[in-house]
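Biologist: I'm new to reading protein models. Could you walk me through a few features, one by one?

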Amino acid sequence: MRIGENDSLVIEQRALGSVFLNRIVIFDLYLPKNVSDPATMSLLLINDGQDLPDMPFAAIVEQLLTSGQILPVLCVGIHASKDRRNEYGTAGVLDYEGRGVTAKAYQQFLLEELIPYIHDSFAIQGFHSKSIAGFSLGGLSALDTVWSHPDVFTRSGVFSGSLWWRTKALDDDYNDATDRIMPQLIRQGEWREGLRFYFTTGSMDETADRNGNGIIDSIDDTLAVIQELKDKGYREPEDIRYINYEEGRHDVATWAKALPAFLLWGWGRERDDE
């Protein structure tokens, strides 16, 4: 169903039945117009796609495409379900409350159902690159998906990511060094050439500071993940980009302000590797 159109984009909403998730998944497609060679187009999946119209995402992408600042990218805003805290966890590792039980199924949906559906629907045999981004818990999911499937995805965008995701409660002998899940997954994994990572936080994301070091947890946890990536051999700013917004909050308005820079980072025409 077509839900919008402007000079550079057609916006459609579609639904896809998922065997893995046992539900109907709604997603919005932001389709660039006048792409002469579909193989030059990239694919960007975005968790919590139901929030994109409030940013407004279509206007942001249209401005960048019309001005020629970014290369063609097909963006897919995947609507979250009511079971968001289970689907957006880390695949294979539950948090201390047992959340994330369908995170692996969500990744299977992306890889085995959604991406093949997009290929078939638009007769695109291959994309120039595939990436995934998300906000808050959706950002954690995006990072875990890229880290788990580097043969498919090359970039992740993590906006105020829930990188606190942990295996122990704070009152259960919790230790930052061993109990945060995403840093452990990176530590246990291997360096893979070509992966790139984009992180944002806001200085007003929250007020919590569990270790009392004067840095809010949102920033602390993001810096910890970045350090693990650096320890693996990824470099900043070549492979890793991190931006903290001093007035940024944990909300749609802040993420909307951060999106143009993310899109330019990933798909700007000045990029040497495009």
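Modeller: Sure! Keep in mind that this is a predicted model. Let's start with a charge and a ring: the charged end of Arg 99 lies over the ring of Tyr 96, 5.6 Å from the ring's centre. Arg 166 does likewise with Tyr 174, its charged end sitting over the ring at 5.8 Å from the centre.

Biologist: And two rings together? How many aromatic pairs does a search of the whole structure find?

Modeller: The general idea is that you describe a pair by the distance of the centres and the angle of the planes. Here the search turns up 17 aromatic pairs. Take Tyr 198 and Trp 265: their ring centres are 5.0 Å apart and their planes meet at 50°, so we call the pair tilted, which is the label for angles that are neither under 30 degrees nor over 60.

Biologist: Where in the chain do Tyr 198 and Trp 265 sit?

Modeller: Tyr 198 is in strand 8 and Trp 265 is in helix 8 (residues 252-267), so to speak a link between distant parts of the chain, 67 residues apart. Both also belong to one aromatic cluster, along with Phe 135, Phe 159, Trp 255, Phe 262 and Trp 267.

Biologist: Is Tyr 198 buried or exposed?

Modeller: Buried: its relative accessible area is 1%, and the cut-off for buried is under 20%. Trp 265, at 4%, counts as buried too.

Biologist: Which residues touch the most other members of the largest nonpolar core?

Modeller: In soluble globular proteins, nonpolar side chains tend to be buried together. In this model the largest such core has 49 residues, and Leu 45, Val 76, Leu 114 and Phe 199 touch the most other members. Helix 3 (residues 103-122) gives the most to this core, with seven residues. A second, separate core has 28 residues, including Tyr 30 and Trp 255.

Biologist: How do strand 8 and strand 9 pair?

Modeller: In the parallel sense, over seven bridges. One of the partnerships joins Gly 202 to Tyr 245 in strand 9. The chain gets from strand 8 to strand 9 through helix 7 (residues 217-232), and this β-α-β crossover is right-handed.

Biologist: What about unusual backbone angles?

Modeller: Most residues other than glycine have a negative phi, and most peptide bonds are trans. Now the exceptions: the bond from Met 55 to Pro 56 is cis, with omega near -15°, and a cis bond also joins Glu 236 and Pro 237, with omega about 10°. Ser 160 has a positive phi, near 50°, and is buried at 3% relative accessible area. Asp 173 has a positive phi of about 55°, but counts as exposed at 67% relative accessibility.

Conventions
Residues are numbered from 1 along each chain as its sequence is written. This is a predicted model: local features need pLDDT of at least 70, side-chain atom pairs count only at pLDDT 80 or more; totals for chains, interfaces and linings use all residues. Side-chain values use heavy atoms; hydrogens and water are left out. A nonpolar core is a set of buried Ala, Val, Leu, Ile, Met, Phe, Trp, Tyr and Cys residues joined through side-chain atoms within 4.5 Å. Buried means under 20% relative accessible area, exposed over 50%, partly exposed in between (1.4 Å probe, protein chains only). Helices (H or I, at least four residues) and strands (E, at least two) are DSSP runs, numbered from the N terminus. Two strands pair if DSSP finds at least two bridges between them. A crossover is right-handed if, with the strands pointing away from the viewer, the path from the first strand over the helix to the second runs clockwise. Rings of Phe, Tyr and Trp (its six-membered ring) pair if their centres lie within 6.5 Å; planes under 30 degrees apart count as stacked, over 60 as edge-to-face and the rest as tilted. A charge sits over a ring if NZ of Lys or CZ of Arg is within 6 Å of the ring centre and within 35 degrees of the ring normal.
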